[in-house]
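Trainee: I have a model open beside its sequence, and I would like to learn how to read its helices and their packing. Could you take me through it step by step?

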Amino acid sequence: MTPEIPRDILLRARSGDREAFRLVVEAAQRLAYNIAYRVTWNVGDAEDATQEIFLRLFRNFAQYDPAQPFLPWFRRLATNCALNWKEKRRPTVELTEVAVRDAAPRDGSDRLRQAIRELPPEYQSCVTLKYLEDLGVAEIAESLQVPVGTVKTWLFRAREMLVQKLKPYVETLL
């Protein structure tokens, strides 16, 4: 869980105080990396995307409205930045990913991760924010800047796709 960042630090960081910005980075680093990893599914790419997230935060901090909670605004910035990063760059493939892709998945969690990777990006984001970041539908809508109904539709479609992708594995267990 990302700790709440004190308002005075956010205000100082927003006005250009580098020490305050460093404190914000330290507090939000894990959240940014988790979002980046769940968009890219690659450690190296997630690290690069995380750096891009904090560059964008530095450039756009003045757009943050201090009257609003910081974390939902930051989640939206981080998610959008990671998705943009993924679209603009060809992801690298790690040796472990090649082995996982070429070999049969070892267990259900590997199959689930692979099935999530195969979802369209907007569905991946919704599933990640809902089930891995434990956000509610309204928070996801705010983070992705889409209507609540769209989030509900994407989650429904993502679950349906995951059921179809994982159905052969579930049937073998029954």
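Mentor: What follows goes from the whole chain to its helices, and then to two single residues.
This is a predicted model, in which local features need pLDDT of at least 70 and side-chain atom pairs count only at pLDDT 80 or more, while totals for chains, interfaces and linings use all residues. Residues are numbered from 1 along each chain as its sequence is written, and side-chain values use heavy atoms, with hydrogens and water left out.

Trainee: How many helices and strands are there in the protein?

Mentor: Helices (H or I, at least four residues) and strands (E, at least two) are DSSP runs, numbered from the N terminus. The protein has nine helices and zero strands, and buried residues (under 20% relative accessible area with a 1.4 Å probe, protein chains only; exposed is over 50%, partly exposed in between) account for 39% of its 174 residues. Taking contact to mean heavy atoms within 4.5 Å, 64% of the contacts between residues at least 6 apart in sequence join residues at least 24 apart.

Trainee: What span should helix H7 have, and how far apart are its end C-alpha atoms?

Mentor: The expected span of a helix is 1.5 Å times one less than its number of residues. For the twelve residues of H7 (residues 121–132) this gives 16 Å, and the end C-alpha atoms lie 15 Å apart, which agrees. H4, with 19 residues, reaches 27 Å from its first C-alpha to its last, close to the 27 Å expected.

Trainee: Which residues of H7 are buried, and how many of the residues of H4 are buried?

Mentor: In H7 they are Tyr123, Gln124, Ser125, Cys126, Val127, Thr128 and Leu129. In H4, 14 of the 19 residues are buried, so this helix is largely enclosed by the rest of the structure. After H7 comes aspartate 134, whose phi is positive, near 60°.

Trainee: At what angle do the axes of H7 and H8 cross?

Mentor: Two packed helices are described by the angle between their axes and the distance between the axes. Axes are lines fitted to C-alpha atoms, for helices over the stretch in contact, and angles run from 0 to 180 degrees between N-to-C directions. The axes of H7 and H8 (residues 137–144) come within 10 Å and cross at roughly 135°. That makes H7 oblique to H8, since angles under 35 degrees count as roughly parallel, over 145 as roughly antiparallel, 65 to 115 as roughly perpendicular and the rest as oblique. Ser125, Cys126, Leu129 and Lys130 of H7 meet Ile140, Ser143 and Leu144 of H8.

Trainee: Which residues of H4 meet H7?

Mentor: Thr79, Leu83 and Lys86 of H4 meet Pro121, Gln124, Ser125 and Leu129 of H7. The axes of this pair come within 12 Å and cross at roughly 145°.

Trainee: Is arginine 38 buried or exposed?

Mentor: Arginine 38, which is found in helix H2 (residues 18–40), is buried because its relative accessible area is 19%. Leaving aside its neighbours within four places in sequence, arginine 38 is in contact with Gln124, Thr128, Leu132 and Glu133.

Trainee: Where is aspartate 65 found?

Mentor: Aspartate 65 is in the loop between helix H3 (43–60) and helix H4 (70–88), and at 39% relative accessibility it counts as partly exposed. Its C-alpha atom is separated by 9.5 Å from that of arginine 14, 51 residues apart along the chain.
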